[in-house]
Amino acid sequence: MTATVEDLRADLEDLRKARQVAERQRTRVVLDTAIGQVTKQLEKATAPPPPPPSAPEEAAAASATASAPTVPEPAIVPVPRGASFIPISKFAWDSGEYNTPWVCVYITLEGVGAVKESVECSFSKDGFDLRVTGLGGKNYRLLKDNLEKDIVAGESKCIVKKDRITLKLRKVKGDYSYETWTNLTAKKGKTEKKAKGADPMGGIMDMMKDMYEDGDDSMRKIIEESMRKARSGEGSSPSVPDLGGGMADMMSGLGGGI
């Protein structure tokens with residue numbers, strides 16, 4: 001079931017209370033993102049329906065759609081058959097501060113600047129494929145095809161310096177801010193990630209679950225108490241998985257009428 005306006009308002013109030021007492025930076029970032037998403041859902045739920053388009057407007061829109069050129073989606077270029085690559089297993093990454101447009105990946109390879117022309121990286125909406133050929137007689141590769149969030153492939157960059165490669169992944173910007181990354185790659189498979197993207201409230205619950213699991217005892221008690229109050233007098237939601245004790249209470253309360 002879809003969350004009602006009352007459910008969304010109750011969720012937003014509880015999230016704001018938790019934000020006021022949150023002490024850890026990561027917890028505050030997760031809560032800020034959840035607040036923005038619930039606010040967006042509430043605005044959609046309370047917005048008046050748009051007026052129906054007139055007949056000339058419908059005809060113009062149909063004509064524009066038919067004549068618009070199809071832009072192919074960027075895709076990761078396959079590696080030539082027979083090429084042998086050493087997987088790059090050590091790298092660093094930075095999700096950036098709240099509301100910043102880039103996720104950066106740092107790869108250290110001694111002397112890579114000398115073969116700059118042999119460094120190439122292809123980007124797709126949910127991955128990248130970095131290949132370095134002929135560095136000291138060896139080829140190196142870093143492939144990630146299941147990023148935690150989608151990126152803007154056409155605006156992402158590969159920067160090569162003397163001993164380091166920096167990949168700048170352009171975040172997708174929502175209605176309020178850029179999406180917050182907690183991991184470079186998704187914990188779930190592509191199918192599960194796509195289903196999660198189609199359910200904004202499910203994404204919020206996943207963030208709250210991560211915050212609960214990573215938070216200290218004080219934060220867990222705050223979340224449990226807040227969510228338990230939100231659902232007082234109501235039965236448990238049948239859609240909430242058995243996550244154990246207070247966590248199940250929290251997820252059921254957060255989901256409201258879902």
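This passage describes the sheet, the nonpolar cores, the cysteines and one helical residue of a predicted model.

An open sheet is built from four strands, which follow one another in the order 2-3-8-7 with antiparallel pairing. At its edges lie strand 2, spanning residues 92–94, and strand 7, spanning residues 157–160, each of which pairs on one side only. From one strand to the next, the twist averages 15°. The antiparallel pairing of strand 2 with strand 3 runs over three bridges, and within strand 3 it is C104 that serves as the bridge partner of D94. C104 counts as buried, because its relative accessibility is 13%, which falls under the 20% limit for that class.

The largest nonpolar core comprises 25 residues, and those with the most contacts inside it are I165, L167 and L169. At least two residues of this core are supplied by each of strand 3 (102–108), strand 4 (119–124), strand 5 (127–135), strand 6 (138–144) and strand 8 (164–170). Strand 5 contributes the largest share, namely four residues. A second core, separate from this one, consists of twelve residues and includes L8, A34, I35 and V38. Such grouping may be set beside a general tendency, namely that in soluble globular proteins nonpolar side chains tend to be buried together.

The surroundings of L169 can be described in more detail. When its neighbours within four places in sequence are left aside, L169 is in contact with P101, W102, V103 and V105, with F123 and F128, and also with L147, I151, S156 and L184.

With regard to the cysteines, a search of the whole structure finds zero disulfides. For C121, the closest cysteine sulfur is that of C158, and the two sulfur atoms are 5.2 Å apart, which is too far for a bond, because a disulfide requires the sulfur atoms to lie within 2.5 Å. C121 is itself classed as buried, since its relative accessibility is 17% and the class covers values under 20%.

Outside the sheet, V29 is located in helix 2, which extends over residues 25–46. With a relative accessibility of 14%, V29 also counts as buried, given that the limit for burial is 20%. Although V29 and R19 are separated by ten residues in sequence, the distance between them in space, taken from C-alpha to C-alpha, is 9.1 Å.

Definitions and conventions
Residues are numbered from 1 along each chain as its sequence is written. This is a predicted model: local features need pLDDT of at least 70, side-chain atom pairs count only at pLDDT 80 or more; totals for chains, interfaces and linings use all residues. Side-chain values use heavy atoms; hydrogens and water are left out. Buried means under 20% relative accessible area, exposed over 50%, partly exposed in between (1.4 Å probe, protein chains only). A nonpolar core is a set of buried Ala, Val, Leu, Ile, Met, Phe, Trp, Tyr and Cys residues joined through side-chain atoms within 4.5 Å. Contact means heavy atoms within 4.5 Å. Two strands pair if DSSP finds at least two bridges between them. Axes are lines fitted to C-alpha atoms, for helices over the stretch in contact, and angles run from 0 to 180 degrees between N-to-C directions.
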